[in-house]
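Please walk through this protein with me, from the confidence of the model to its fold, its central pairing and its internal spaces.

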Amino acid sequence: MMKNLFLLLTAMIIFGGCSYKNESLMLSQYDAQYTGELSKDKKSVFIESIEDMRVDKRSLGYVLEGDKKAHELYSTEDFTKKYKDAFEIALRMAGFENSAQQSGAELVMNINIKKIEFIYNNKNLDKNLKGVIELEVTIKKGTSTITQDFKQAASKWIAPSYSSKDIEPFLNEIFSQSVNSVVTRLTKY
């Protein structure tokens with residue numbers, strides 16, 4: 001009886017402890033992270049819209065085990081709200097004024113979230129985590145309109161992961177970099 005109980009507990013620890021724990025990925029609050037160029041003339045900016053153009057708004061990528069997609073990475077975050085909050089903070093830090101109305105703004109921004117994808121490969125000994133965020137940004141200044149694509153991509157090695165939560169710091173890093181690259185580019189308009 002004791003021997004069977006011991007074997008059962010051992011099997012539970014081995015198989016339960018080694019399984020991948022897949023939880024919703026969360027974004028930290030974008031807070032005082034902008035370190036790019038500053039706007040020289042304090043232009044006012046109105047964020048007209050931020051739209052998530054991804055087909056599956058929850059999907060953030062997957063975990064590869066060998067050549068198979070073993071687990072889908074997902075998030076329940078509202079990325080449009082997270083981006084709006086982050087852009088408002090970064091714009092302020094870059095010396096822009098956030099305009100509450102389109103009519104008084106010198107620059108009007110529309111942002112489309114085109115892609116957010118992270119891939120963790122547990123068999124890769126080199127860079128085993130890759131991530132990419134793609135944004136399409138349209139800026140209206142008077143009668144002229146400029147549309148530009150921004151792609152923030154990176155890869156790195158992380159220790160063997162048994163939880164999707166291990167990917168969160170990298171998600172937050174690339175998210176912040178995507179905001180910073182757009183705002184830095186905006187200082188040139």
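Over which residues does pLDDT stay under 50, and how many contacts beyond four places in sequence does the model have for them? The stretch is residues 8-17, and the model has three such contacts for it. Where pLDDT is low, the predicted coordinates should not be read in detail. This is a predicted model, and its mean pLDDT is 87, with 89% of the residues of the protein reaching 70 or more.

With that caution in place, the overall architecture can be followed along the chain. The secondary structure comes to three helices and seven strands, and from the N terminus on these elements run in the order α-β-β-β-α-β-β-β-β-α. Of the 189 residues in the protein, 43% are buried. Among the contacts with a separation of 6 or more, 76% are between residues 24 or more positions apart.

A useful place to enter the fold is strand β5, which spans residues 107-121 and has twelve of its 15 residues buried, so that the strand is largely enclosed by the rest of the structure. Three pairings of this strand can be traced in turn. Strand β1, residues 44-52, pairs with β5 in the parallel sense over seven bridges, and within this part of the model I47 stands opposite M109 in β5. Strand β2, residues 59-65, also runs parallel to β5, to which it is joined by four bridges, and here V63 is found opposite Y120 of β5. The pairing of β5 with β6 is antiparallel and is made by twelve bridges; in it, Y120 stands opposite L129 of β6. Y120 therefore serves as a point of reference for two neighbours, facing V63 as well as L129.Within the same strand, N112 offers a closer view of these surroundings, since its place is in β5. At 17% relative accessibility, under the 20% cut-off, N112 counts as buried. Leaving aside residues up to four places away in sequence, N112 touches E51, M53, E134, L135 and E136.

The internal spaces come next. The structure holds two cavities of 30 Å³ or more, and the largest of them contains about 50 Å³ of space. Its lining consists of V137, I139, I146, Q148, F150, V182, R185, L186 and Y189. At least two of the lining residues come from each of three elements, namely β6 (129-141), β7 (144-156) and α3 (168-186). By character, the residues of this lining divide into seven nonpolar, one polar and one charged.

The second largest cavity has about 30 Å³ of space and is lined by S28, Q29, Y30, K82, D85, A86 and F175. Helix α2, residues 79-93, gives the most to this lining, with three residues. The residues of the lining of the second largest cavity divide into three nonpolar, two polar and two charged.

How values were computed: Residues numbered from 1 in each chain as written. Predicted model: local features only at pLDDT ≥ 70, side-chain atom pairs only at ≥ 80, totals over all residues. Heavy atoms only, no water. pLDDT = per-residue confidence, 0-100. Contact = heavy atoms within 4.5 Å. 1 Å grid on protein atoms, 1.4 Å probe; cavity = no way out; pocket = protein on both sides within 12 Å on 5 of 7 lines; lining within 4 Å. Points joined across faces, edges and corners; volume = space filled by probe spheres on them. Nonpolar A, V, L, I, M, F, W, Y, C, P; charged D, E, K, R; others polar. Buried < 20%, exposed > 50% of the residue type's maximum accessible area, 1.4 Å probe, protein only. Pairing = 2+ DSSP bridges.
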